[in-house]
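User: Hey, can you walk me through this structure? I'm new to this, so plain words please.

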Amino acid sequence: MLLDSASLYFRAFFGVPETVRAPDGTPVNAVRGLLDMITRLVRARDPARLVACWDADWRPAFRVAVVPSYKAHRLAADGGEEVPAALAAQVPLIEEVLVASGLVIAGQAGYEADDVIGTLAARSPDPVDVVTGDRDLFQLVDDARGIRVIYTMRGLLNLDVIDEAAVSAKYDIPGRAYADFAALRGDPSDGLPGVPGVGEKTAAALIRAFGSVEGIATALDAGHGGFPRGSREKLEKARGYLDIAMSVVKVADDAPLPPVDGRLPAVPPDADKLKELGDRWGLGSSLSRFLSAVCGS
C-alpha cells in the first residue's frame, strides 16, 4: 500500500475541525486525522507493506522547465507551496510521529510523491494499492499487475476502487490511457493547460480514435482523417504542446530511490519519543489506535 501522504493530510486537515487541538491550543487536526485514516486503511486492507510517499519537491524543475505554468498558481510569496499556516505547522509533527512509529517514509529530491509512488509501483512484484485523492494517479492502474487506486475523494467511508474498468466507465477511454487523456483535457488544479478548446468529451473521442497523444501527432503529420469535428485545427495549433505534454503529465517510474522495504514494524523503534509526542500534542486515542494497527502494539 502506497500512501499519497500530502493528499491524505490535506484531506485530514479540511475534514477534521481545527477545534481538535493539543493541550497548549495548537491545532493537531491534520495529525490526528491522518493517523485515523491510516488506522482504518490498515485494518480494512491488511497490507503486507506500507509506505508513506512524500513530496520532496512539490513542483519539480524538470516539469516547470517544460510547462512553466505547472502549479504556478499555488506558489506562495516565498517560492514554496501555498499551504494553510495551521496545516504547515503540523507537517513536521506528522513526519516525526511516522518516523518514530517505524512507518517507512519515502521521498526523493527533485521528485513529487506521485513519482515516488510510480517508481515503487513499477518495482513491486506484488499487487499495489495506491491511496490518494488525486486522479492524476489513475494513470497507474494496471489490471495485469494488480495496481489499482484507492480513491479517497468521497472519504474513507466511501472509498472508490479504481481499476481499468472504472477508468473506462468514468471517462469512456481505454483503462490504461488516462495520462494521454489528461494531457489533452488539461488540469487547472495543476496549471496544466491542455489543448485549448478540447474538453473532456473531445479528449475521450480522440483517445478512442488514435490511442494516445503520440498516435494523434502521427495522424496529424500523415494527414489522416477521423478527427472529431473542429478538433484538427485546434490540435495543429497546439502541436508544440502535444510534443512536450506527456513529459509533464506522466508519472516517473524511474526516480533514483534507494531500496524501500515497507514492512510494518513489529514494535515502534522509538516508543519513548512516541509517548513524549503523544503527551505533548494530545494525540490520545488516535495515536494508540494507529500503533495498534500498524505495529500490533
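Analyst: Sure, let's start with helix α2: it has 17 residues and reaches 24 Å from its first C-alpha to its last, close to the 24 Å expected at 1.5 Å a residue. The expected span is 1.5 Å times one less than the number of residues. Helices (H or I, at least four residues) and strands (E, at least two) are DSSP runs, numbered from the N terminus.

User: Where do these numbers come from?

Analyst: This is a predicted model, where local features need pLDDT of at least 70, side-chain atom pairs count only at pLDDT 80 or more, and totals for chains, interfaces and linings use all residues. Residues are numbered from 1 along each chain as its sequence is written, and side-chain values use heavy atoms, with hydrogens and water left out.

User: OK, is α2 mostly covered or uncovered?

Analyst: Mostly covered: 13 of the 17 residues in α2 are buried. Buried means under 20% relative accessible area, exposed over 50%, and partly exposed in between (1.4 Å probe, protein chains only).

User: What follows α2?

Analyst: D46 does, and its phi is positive, near 50°. D46 is not a glycine, and it sits in the loop between α2 (29–45) and β2 (51–53). Most residues other than glycine have a negative phi. D46 also counts as exposed because its relative accessible area is 64%.

User: Which other residue has a positive phi near 60°?

Analyst: That's D172, again a residue other than glycine. D172 is in the loop between α7 (164–171) and α8. At 47% relative accessibility, D172 is partly exposed.

User: What does D172 touch?

Analyst: Leaving out residues up to four places away in sequence, D172 touches V167, A204 and R208. Contact here means heavy atoms within 4.5 Å. With R208 there's also a side-chain to side-chain polar contact of 3.0 Å. A polar contact is a pair of N or O atoms within 3.5 Å; within protein, one must be able to donate a hydrogen and the other to accept it, and residues adjacent in sequence count only if both atoms are side-chain atoms.

User: And how far is D172 from K201 in space?

Analyst: Their C-alpha atoms are 8.6 Å apart, with their positions 29 residues apart in sequence.

User: Switching topic: how many aromatic pairs are there?

Analyst: A search of the whole structure finds 11. In one of them, the rings of F138 and Y178 have centres 5.6 Å apart and planes at 65°, so that pair is edge-to-face. Rings of Phe, Tyr and Trp (its six-membered ring) pair if their centres lie within 6.5 Å; planes under 30 degrees apart are stacked, over 60 edge-to-face, and the rest tilted.

User: Where do F138 and Y178 sit?

Analyst: F138 is in the loop between β4 (128–132) and β5 (147–151), while Y178 is in helix α8 (residues 178–185), so the pair links distant parts of the chain, 40 residues apart. F138 is buried at 1% relative accessible area, and Y178 is buried at 1% too. Both belong to an aromatic cluster with Y151, Y171 and F181.

User: Last one: which residues have the most contacts inside the largest nonpolar core?

Analyst: L184, I216, L235 and L242, in a core of 54 residues. A nonpolar core is a set of buried Ala, Val, Leu, Ile, Met, Phe, Trp, Tyr and Cys residues joined through side-chain atoms within 4.5 Å. A second, separate core of 41 residues includes L35, M37, L103 and C295.
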